[in-house]
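Hello,

Here is the structure I promised to pass on to you. Please have a look at it first, and then read on for what turned up in it.

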Amino acid sequence: MKIAFVGKGGSGKTTLSSLFIRHLATTGAPVIAVDADINQHLGPALGLDEAEAAALPALGERLPLIKEYLRGSNPRIASADQMIKTTPPGEGSRLLRVREDNPVYDACARPLELDGDVVRLMVTGPFTDADLGVACYHSKTGAVELCLNHLVDGRGEYVVVDMTAGSDSFASGMFTRFDITFLVAEPTRKGVSVYRQYKEYARDFGVTLKVVGNKVQGRDDLDFLRAEVGDDLLVTVGHSDWVRALEKGRPPRFALLEDVNRRALHRLREAADATYELRDPERYTRQMVHFHLKNAQSWGNERTGADLAAQVDPSFVLGESAVAAV
């Protein structure tokens with residue numbers, strides 16, 4: 001399952017995504033955790049110190065390797081240099097699988113032990129001084145989108161992405177790459193304004209969106225969220241002494257997380273698992289192609305745009321039936 005956590009800055013989406021990753025890991029499920037936020041906080045939220053988090057290999061810095069591997073022998077792509085973030089797979093492309101070992105994971109993922117369980121952690125990398133004034137952060141998150149476009153995951157396998165804050169996620173087609181999106185919202189007007197904006201933008205793309213109310217302190221907060229987001233409110237999370245200890249750098253064993261918050265995480269997994277039967281490989285591929293062609297049309301150089309459009313294989317469907325053929 002591909003799962004995104006979004007929300008306004010400071011809503012707690014990184015904390016909630018890290019708790020969900022820990023919850024999945026404790027069940028023995030295979031998990032790939034991805035930090036695609038401009039502020040790289042997922043590593044520390046999963047227990048790394050600053051030096052360890054800074055040493056994580058950045059996807060954005062290994063984009064040539066990623067492109068070369070995923071390109072495979074696809075005859076529609078003359079060279080890896082022609083691949084962009086929206087390039088879809090086709091005949092001859094290599095796909096990524098959650099449980100396998102491959103050169104992309106070897107270079108870009110690090111195993112992380114969480115209370116005896118292990119997940120793979122991947123990060124886009126921080127926005128550096130060299131990027132200031134000359135680069136957009138989405139040039140880094142493009143590596144995540146390219147990987148998601150080539151990823152095949154099955155039931156009981158999880159890819160959890162901590163997305164960039166607010167509606168900035170809509171600067172690319174990556175928002176359509178997920179089975180379910182959890183929007184973390186505080187019980188405030190600003191908190192629910194991001195929900196309204198996200199829901200409006202995603203309306204025409206079949207995005208499954210559920211709200212996780214965070215920092216909910218009482219009945220009034222709960223009533224406020226219910227009135228503002230209606231049936232999209234899935235679950236709420238309140239104060240956690242466990243999280244406070246984590247933020248101080250002294251997390252206790254995850255087994256000591258409060259029962260009420262553990263039940264909330266279980267509800268998130270149930271909601272994610274329920275979307276598996278709703279998968280539509282043809283729509284997934286169609287949306288992938290849609291955003292790739294939009295990128296091709298936006299290029300000023302007509303030849304470059306035509307070359308990008310030629311990468312599309314109209315006969316390819318990224319679904320279970322395609323796996324054996326690629």
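A residue is called buried here when its relative accessible area is under 20%. Please keep in mind that this is a predicted model.

With that cut-off in hand, let me begin with strand 7 (158-162). Both of its faces are covered: Tyr158, Val160 and Asp162 are buried on one side, and Val159 and Val161 are buried on the other. In a regular strand, side chains alternate between the two faces of the sheet. Since five of the five residues of strand 7 are buried, the strand is largely enclosed by the rest of the structure.

Which strands pair with strand 7? Strand 1 (residues 2-7) runs parallel to strand 7 and is joined to it by four bridges, with Ile3 standing opposite Val160. Strand 2 also pairs with strand 7 in the parallel sense, over five bridges, and here Val31 stands opposite Tyr158.

Next, the cavities. Searching the whole structure gives five cavities of 30 Å³ or more, and the largest has a volume of about 110 Å³. Its lining is made up of Ile32, Val34, Leu59, Leu96, Tyr105, Met122, Val144, Cys147, Leu148, Leu151, Val159 and Val161. Strand 2 (31-35), helix 6 (138-149) and strand 7 are the elements that give two or more residues to this lining. Helix 6 provides the largest share, three residues. What is the chemical character of the residues that line the largest cavity? Twelve are nonpolar, with no polar and no charged residues. Two residues of the lining, Val159 and Val161, are also the buried pair on one side of strand 7.

Now for the charged side chains. Side chains of opposite charge can pair when their charged atoms come close. The count here comes to 19 salt bridges, and three of them seemed worth describing to you.

One is between Arg99 and Glu157, whose closest N and O atoms are 2.6 Å apart. Arg99 sits in the loop between strand 3 (96-97) and helix 5 (103-108), and Glu157 in the loop between strand 6 (151-152) and strand 7, so this pair ties together parts that are 58 residues apart in sequence. Arg99 counts as exposed because its relative accessibility is 56%, whereas Glu157, at 11%, counts as buried.

Another is between Asp153 and Arg279, with the closest N and O atoms 2.4 Å apart. Asp153 lies in the loop between strand 6 and strand 7, and Arg279 in the loop between helix 10 (259-274) and helix 11 (281-298), so the parts tied together are 126 residues apart in sequence. Asp153 is buried, at 5% relative accessibility, while Arg279 is partly exposed, at 27%. These two residues also belong to a network of salt bridges that links Lys2, Asp153, Asp179 and Arg279.

The last of the three joins Glu186 and Lys215, at 3.2 Å from N to O. Glu186 is in the loop between strand 8 (180-185) and helix 7 (189-202), and Lys215 is in the loop between strand 9 (209-214) and helix 8 (219-229), so the salt bridge ties together parts 29 residues apart in sequence. Glu186 is buried, with a relative accessible area of 12%, and Lys215 is partly exposed, at 38%.

Happy to hear what you make of it.

Best wishes

Conventions:
Residues numbered from 1 in each chain as written. Predicted model: local features only at pLDDT ≥ 70, side-chain atom pairs only at ≥ 80, totals over all residues. Heavy atoms only, no water. Salt bridge = Lys/Arg side-chain N within 4 Å of Asp/Glu carboxyl O. Buried < 20%, exposed > 50% of the residue type's maximum accessible area, 1.4 Å probe, protein only. 1 Å grid on protein atoms, 1.4 Å probe; cavity = no way out; pocket = protein on both sides within 12 Å on 5 of 7 lines; lining within 4 Å. Points joined across faces, edges and corners; volume = space filled by probe spheres on them. Nonpolar A, V, L, I, M, F, W, Y, C, P; charged D, E, K, R; others polar. Pairing = 2+ DSSP bridges.
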